[in-house]
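Visitor: I would like a close look at a single part of this protein. Please take me through it step by step.

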Amino acid sequence: MSSINGGLDAAVAVVGAGPVGMFAALALARRGIEVTLVEQGPDEVRSEWRGSTVHPPTVDMLDELGLAGPVLREAVRVHELTFRDLELETAATFDYSLLEGLTAHPYRLQYEQYKLVRQLRDALAEEARVDVSFDSAVVGLRQDRDRVELDVDTAQGRRVVRSAWLVGADGAHSAVRRLLAVGFPGFTYDFMSLVAATPFPFERHVAGLGPVCYWSGPHGRFSLIRTPDTWRTALSTRTRAEEHDERIQQPHPEFVADVELLLKGAVPAAEIELTQHQLYRSHQRVADAFRVGRVLLAGDAAHLSSTTGGMGLNSGIHDARALAVALASDAPDVGASVYAERRRDVATRVVQPATTANRQSVDALDLEQRGARLEQLAALAASPEAARSYLVGASMIGVEH
């Protein structure tokens, strides 16, 4: 694919400077493609919790771009994945070493998303083939058989960005998807989830606690994930979106109940310092099309899934790599169609069923159901072949292209 031709600003325009958009821009540039990256927000990255899980094939992809070094040095490495229950003794532990030979990095990493975003921005700042524009909102989109034109509002006025291809990686509320009138069917969960970060040393109070553990319990799921800077908890609540307002006091009562079950009353949950406490809604949605003409959708602009299992960020980066390979090929039109078909198939056939099933199983409240689920997981973990197969699916190995 040629770099710039026929009065184009770039061969590819990317909308959205989150991890997916920036990975796509960098992957294209490293393949010799000129890119214009447009971001509605300012040139800043807030230190806040979003995602943190980096699955093995995603580490492999970061390594391809020379970005894995800082992540590997700073991230918490997860060599075992454990499932437990707040009221039961059964536990199931899966050993990531079973993935050796399938990936160059047979372990999971926990690394705050905002740190990865900062790292990507630093890399892009040194990449001559990428022009980045912040505070630039996309308000119009036109295309013909040869090019795409974006109307972009900036502080200096409106500009038109012309490119041969456009990538919409601008998140769940994608302006690109809206301007294309692409449907985004699916559903939103009735109840909100809670993420809370704390420096509290859970490892001193919970026997056998590794860096990642998923509990079931009488209120639904409760997870503990260790990152370089903090423990992150995520849990189900019975709070509906229409019932939520900023007057809900910290800590949330269901956080208190779950932590007191976990710590068996050794430390009052209300005394635990929280550095973040945020309710959010979860969705399961897939765009009707990942390609419209010369426009491709990727990441949250194309698909949304429950955060349980950490597949959202990872599948988005897999999208970004796949579209970069497609658009940098000798036949980008064919590659774009293959990208759209394959990545939408992965979203509908793999990610959506897996994340929906994860959410349903960990949110089960009935004690007998929870016990049966744990027994099933323990049986899988006890069989090397079954455990390997389970981890392959949980790690998204084999569906990343």
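How much space lies in the second largest pocket, and which elements give two or more residues to its lining?

Guide: Keep in mind that this is a predicted model. The second largest pocket holds about 370 Å³ of space. Its lining is made up of 18 residues. Closest to the centre are Phe83, Ala354, Asn358, Tyr390 and Ala394. By class, the lining splits into 10 nonpolar, six polar and two charged residues.

Now the elements. Two or more lining residues come from each of β5 (80-85), α8 (332-362), α9 (367-382) and α10 (384-394). The top contributor is α8, with five residues.

Follow α8 away from the pocket. This helix lies across β18 and β21. Its direction makes an angle of about 165° with β18. Both strands belong to an open sheet of three strands, in the order β12-β18-β21. The pairing in this sheet is antiparallel. At the edges stand β12 (186-188) and β21 (303-304). Each has a single partner strand, so one side of each is left without a neighbour in the sheet.

Look next at the pairing of β12 with β18, residues 283-286. These two strands run in the antiparallel sense and share three bridges. One residue pair can be picked out here: Gly186 has Arg285 in β18 as its bridge partner.

To retrace the path: α8 gives five residues to the pocket lining, and α8 also lies across β18 and β21.

Notes. Residues are numbered from 1 along each chain as its sequence is written. This is a predicted model: local features need pLDDT of at least 70, side-chain atom pairs count only at pLDDT 80 or more; totals for chains, interfaces and linings use all residues. Side-chain values use heavy atoms; hydrogens and water are left out. On a 1 Å grid over the protein atoms alone, a cavity is a set of points where a 1.4 Å probe fits but cannot get out, and a pocket is an open set with protein on both sides within 12 Å along at least five of seven lines; lining residues have an atom within 4 Å of a point. Grid points are joined across faces, edges and corners, and a volume is the space filled by probe spheres set on the points. Helices (H or I, at least four residues) and strands (E, at least two) are DSSP runs, numbered from the N terminus. Ala, Val, Leu, Ile, Met, Phe, Trp, Tyr, Cys and Pro count as nonpolar, Asp, Glu, Lys and Arg as charged, and the others, Gly among them, as polar. Two strands pair if DSSP finds at least two bridges between them. Contact means heavy atoms within 4.5 Å. Axes are lines fitted to C-alpha atoms, for helices over the stretch in contact, and angles run from 0 to 180 degrees between N-to-C directions.
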